[in-house]
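Let's take a walk through this protein together, from its overall build down to a few side chains. Keep the viewer open as you read.

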Amino acid sequence: MSLNAKRIIVGLLSFLFLVTLIIVAWVEGLQERVGFDPLPVLSGDNRPCFTCHQEKTPGIAAQWADGMHAKVGVGCYDCHLAEKGDLDAWHHEGKLISTLVTPKDCGRCHKDISAEFQKSHHAKAGQILGSLDNVLGEIVEGPAAAHAGCQQCHGSKIAFQKDDRGEIKKDKNGKPLLEPTTWPNTGIGRLNHDGSIGTCSACHSRHRFSIEMARRPDNCGKCHLGPDHPQKEIYEESKHGIAFVTADQQGLMKMSEAEWVVGETYNSAPTCATCHVSATKNQPASHNPGARITWTLRPVVSKRQENWEDKKRAMVDVCGNCHAPDWIAGHYTQYDNAVNLYNDKFAKPAKRIMDALKKAKLVTATPFDDKIEWTYFYLWHHEGRRARMGASMMAPDYTQWHGFFEVAERFYQELIPEARELAHNHPQVEAVIAQVLEMEPHRWKKEMSQAELERVRSFYKQRYGQGEGAHPPAGTPPAQTPPPAETPPAAEPAEPTPQPTDHQPAPAKPSEV
């Protein structure tokens with residue numbers, strides 16, 4: 001074979017190899033390629049809205065076009081249409097519309113979901129407007145704090161600007177003017193002008209209304225975080241939250257799927273939605289996050305929810321996709337024990353003391369004008385909730401150091417001394433405090449038994465030895481050592497340091513000075 005023939009064969013083989021590589025790359029690319037979403041489905045009524053808002057508010061238009069509503073032909077006018085007589089109705093580009101979309105409006109298509117949501121505890125979050133928390137926001141802090149803070153989670157009471165005659169003000173285009181302290185607002189318990197309560201966009205952010213976003217833990221974190229209800233931080237500390245981060249990074253959660261069923265669609269980790277609202281193989285998805293909750297952990301003293309046994313069975317059904325029955329029963333035992341410990345050892349006794357102080361008029365009727373009221377509020381509203389919520393979601397640090405440790409410190413080192421100071425020369429209140437401290441869980445405060453102290457000292461000795469690092473708690477008996485051969489002369493006694501009595505305030509902490 002000639003050299004030229006060999007060159008031609010090598011060239012042809014190289015060309016065929018190159019073509020093969022291109023074909024393989026193209027086929028693989030088809031499998032990986034992100035397809036373009038179909039164009040939005042626009043009806044005659046919706047087309048002018050979308051065309052105009054593509055220029056005036058392109059972000060809103062793009063969000064809608066990327067969402068499920070656009071794919072099924074639900075457009076701007078379908079959600080924003082109003083009826084004659086609606087308080088917020090106005091004529092715009094030949095259509096009668098409203099700016100504010102409520103669960104009543106969403107219920108035109110999502111009738112059952114809207115009804116279920118409005119019966120939920122979430123939708124009733126606006127009831128805070130008459131609570132002790134709202135006294136803090138509206139009065140102690142000031143209205144602006146409540147409008148931009150509390151009500152952005154709990155919901156505002158939608159109002160309109162009024163003129164001197166008490167009629168709704170309108171702009172030059174005839175649009176009713178909403179009161180700016182109440183709108184914008186996506187608080188989940190919003191009190192709407194049409195009589196409905198809540199807002200769907202609290203979880204399903206407009207205008208994309210992504211179901212994936214609603215399923216993500218971060219979505220709940222707008223409201224469920226912070227010192228008094230840190231559910232998002234608790235979840236992130238728990239094994240569930242840790243597992244979610246890894247599974248999400250690996251694309252195992254499949255949260256954009258229309259049917260999202262734990263144990264079928266995904267198995268790697270639960271989210272907030274998994275446990276509280278999403279479907280299982282045995283129960284449908286819900287829009288009532290309280291349907292599987294056995295305790296209410298919000299108030300001073302936790303109480304069982306109505307029909308809590310049924311709600312527990314619903315939650316156990318979720319747990320059972322990943323955990324064995326004994327494991328689930330053990331968790332509920334630990335959780336229930338923690339709640340009962342908080343209730344019986346700290347919450348009920350603290351409430352009893354506060355009630356006695358109020359009955360004796362040692363605390364005024366005005367909330368938060370006495371220091372002990374702030375102490376009590378911290379105990380149940382912040383630390384007490386953290387302890388209970390940490391136990392509910394298996395976050396040990398929130399249960400212990402951010403929870404029960406701080407509850408105990410607040411109870412023994414602040415609430416009891418402050419109550420004693422106020423109760424001086426009031427025998428009935430002093431008797432209540434004494435009765436509380438005589439309760440079995442509080443008797444350690446008088447004196448721990450020598451056997452218990454020796455047990456603690458022995459543990460530290462065995463664990464850390466006698467050298468550096470051996471620091472048994474104050475009060476533990478020292479190890480028995482032989483006396484020294486010679487006893488040096490005693491020094492002159494120092495002037496005794498005055499100690500606070502039961503009726504004198506203890507010295508202020510550095511943070512209080």
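Of the 513 residues of the protein chain, 35% count as buried, where buried means under 20% relative accessible area, exposed means over 50%, and partly exposed lies in between (1.4 Å probe, protein chains only). This is a predicted model, in which local features need pLDDT of at least 70 and side-chain atom pairs count only at pLDDT 80 or more, while totals for chains, interfaces and linings use all residues. Residues are numbered from 1 along each chain as its sequence is written, and side-chain values use heavy atoms, with hydrogens and water left out.

The chain holds 20 helices and four strands; these are DSSP runs numbered from the N terminus, with helices being H or I of at least four residues and strands E of at least two. Among contacts between residues at least 6 apart in sequence, 56% join residues at least 24 apart, a contact being heavy atoms within 4.5 Å.

Now for the interior. The largest nonpolar core has 48 residues, and Ile353, Leu357 and Phe411 have the most contacts inside it. A nonpolar core here is a set of buried Ala, Val, Leu, Ile, Met, Phe, Trp, Tyr and Cys residues joined through side-chain atoms within 4.5 Å. At least two residues of this core come from each of helix H15 (308-319), H16, helix H17 (371-392), H18 and helix H19 (427-437). H16 gives the largest share, 13 residues. To see the packing up close, pick Leu357: beyond its neighbours within four places in sequence, Leu357 is in contact with Leu362, Val363, Ile372, Ala419, Leu422 and Val429. There is also a second, separate core of 11 residues, and its members include Phe244, Met253, Tyr266 and Ala273.

Helix H8 is a good place to look at how a helix turns one side inward. Within H8 (residues 132-141), Asp133, Asn134, Leu136 and Gly137 are buried. Seen down the axis of H8, the buried residues fall within an arc of 155°, so they line one face of the helix; the arc is that of the directions from the helix axis to the C-beta atoms. These buried residues pack against helix H9 (143-154) and H17. Just after H8 comes Gly142, whose phi is positive, near 135°.

Step back to the loop between helix H7 (111-118) and H8, and you will find Ser120. Is Ser120 buried or exposed? Ser120 counts as buried, at 1% relative accessibility. A polar atom of the Ser120 side chain lies 2.6 Å from the backbone oxygen of Phe117; a polar contact is a pair of N or O atoms within 3.5 Å, and within protein one must be able to donate a hydrogen and the other to accept it, with residues adjacent in sequence counting only if both atoms are side-chain atoms. Leaving out residues up to four places away in sequence, Ser120 touches His287, Asn288 and Pro289.

Next, the charges. Side chains of opposite charge can pair when their charged atoms come close. The model has 22 salt bridges, each being a side-chain nitrogen of Lys or Arg within 4 Å of a carboxyl oxygen of Asp or Glu. In helix H16 (residues 325-359), Asp355 and Lys351 sit four residues apart, about one turn of the helix, and they form a salt bridge with the closest N and O atoms 3.0 Å apart. Asp355 is partly exposed at 37% relative accessible area, and Lys351 is partly exposed at 36%.

Helix H18 (residues 396-423) has a pair with the same spacing of four residues, about one turn, between Arg410 and Glu414. Their side chains meet in a salt bridge at 3.3 Å, N to O. Here Arg410 counts as buried at 14% relative accessibility, and Glu414 counts as buried at 8%.

Finally, turn to Arg215, in helix H10 (residues 211-215). What is the nearest side chain of opposite charge to Arg215? That side chain is Glu259, 7.3 Å away, and Arg215 is buried yet has no salt bridge. For charge, Lys and Arg count as positive and Asp and Glu as negative, while His and the chain ends are not counted. The side chain of Arg215 does reach the backbone oxygen of Met255, at 2.7 Å. Not counting residues up to four places away in sequence, Arg215 touches Met255, Ser256, Glu257, Ala258, Trp260, Thr271 and Ala273.
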